[in-house]
Amino acid sequence: VALYGASREVAEVARLLRKQGIKQLFELQGWQAAPRESLARWQQLVYPRWLADLQEGKPVAAAPKGDWKLFEVDWGSPKAYLISHIPGAGYIDTNSLEEEPLWNKVSDEALKKLLLDNGIRHDTTVILYGRNTMAAARAAHLMMYAGVEDVRLLDGGLDAWFIQHLRTETGLPNKYEPVKEFGVAIPAHPEYYTTLSQAKELLKKPDSALVSVRTWDEFVGNTSGYSYIKPKGDIPGAKWGHGGVDANSMSDFHNPDGTMKPAREILAMWDQWNIEPTQQAAFYCGTGWRASEAFFYAWLMDWKRISVYDGGWYEWSMDPRNPTVTGERQPAKS
């Protein structure tokens with residue numbers, strides 16, 4: 001059991017837990033002061049006060065060089081958004097980024113139309129947040145694939161904004177003025193996207209990693225993780241990149257308040273499975289959300305050869321000719 005908070009309260013709760021026979025107690029220290037400046041792209045992970053100051057026209061570090069736009073990203077119609085959201089935010093429904101049956105990205109033309117309709121050019125600074133950061137990361141990855149040069153995530157998402165007691169508003173999403181041209185050909189970064197055939201080729205390369213960003217129970221085949229995905233197991237040769245408590249969580253990557261863990265902790269977690277910064281790494285999960293967040297964190301750390309295998313376990317498991325593996329396993333010796 002790990003405890004965090006004020007020292008006096010932590011000590012009192014620890015005393016009560018020990019009375020109940022719980023012996024393995026730890027106190028988390030220093031997580032609130034994790035230095036973001038240690039990230040190569042620290043400016044792409046913004047915090048609530050920074051965003052509030054930017055909105056108020058106050059000087060901020062690494063300010064956008066030109067036009068900037070703010071969006072909340074979530075699945076479906078903006079029901080929760082209507083009740084409370086960050087002032088001035090637009091809204092992006094992930095249904096406009098993905099399409100059935102696999103929930104892979106929409107066509108490049110459809111992606112371009114979405115960006116233009118929301119006033120986004122390649123040189124627009126786009127700041128994204130979500131009630132679940134995975135949704136915002138999903139949008140971030142596809143915008144980066146398209147060619148948006150300055151994409152930023154609100155660290156900790158909307159909860160971080162609430163924790164700071166910053167102002168919210170109600171009502172319909174802000175509609176930005178559409179633009180006519182994106183400015184560069186889409187995709188500007190096709191290397192950020194991995195297909196099924198490319199994922200299979202990656203498994204054959206000694207300096208590569210196909211990284212499963214799923215729960216341990218998904219990885220070993222105890223559950224598929226999704227009501228609409230029936231097969232259980234994972235891809236032979238894939239490395240476990242950690243995930244969270246379920247398919248809607250990335251808690252292994254988060255501090256208790258939902259912000260990104262220090263880079264050194266994520267690197268140590270990946271190093272256990274021989275997932276290294278110099279490798280060509282493709283992250284995947286069930287349908288792309290968790291993989292996109294892992295991708296973004298690796299990108300913040302300036303990993304050079306990274307992508308998202310968009311089809312993930314859903315696509316792989318749909319073809320019975322693709323091999324699968326279940327059961328407990330350990331990382332191969334490096």
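Q: Which residues are linked with Arg49 in a network of salt bridges?
A: A salt bridge is counted when a side-chain nitrogen of Lys or Arg lies within 4 Å of a carboxyl oxygen of Asp or Glu. The model is a predicted one, in which local features need pLDDT of at least 70, side-chain atom pairs count only at pLDDT 80 or more, and totals for chains, interfaces and linings use all residues. Side-chain values use heavy atoms, with hydrogens and water left out, and residues are numbered from 1 along each chain as its sequence is written. Under that salt-bridge rule, the network that holds Arg49 also links Asp53, Glu56 and Lys58.

Q: How many salt bridges does the rule give?
A: The pairs include Arg121 with Asp123, at 3.0 Å from N to O, and Lys204 with Glu201, at 3.2 Å from N to O. By this rule the count comes to 20.

Q: Is Lys113, which meets Asp117 in a salt bridge, buried or exposed?
A: The side chains of Lys113 and Asp117 meet at 2.7 Å, N to O, and both residues lie in helix H4 (residues 108-117), four residues apart, with helices taken as DSSP runs of H or I of at least four residues, numbered from the N terminus. Buried means under 20% relative accessible area, exposed over 50%, and partly exposed in between, with a 1.4 Å probe and protein chains only. Asp117, at 38% relative accessibility, is therefore partly exposed. Lys113 has 52% relative accessibility and so counts as exposed.

How values were computed. Helices (H or I, at least four residues) and strands (E, at least two) are DSSP runs, numbered from the N terminus.
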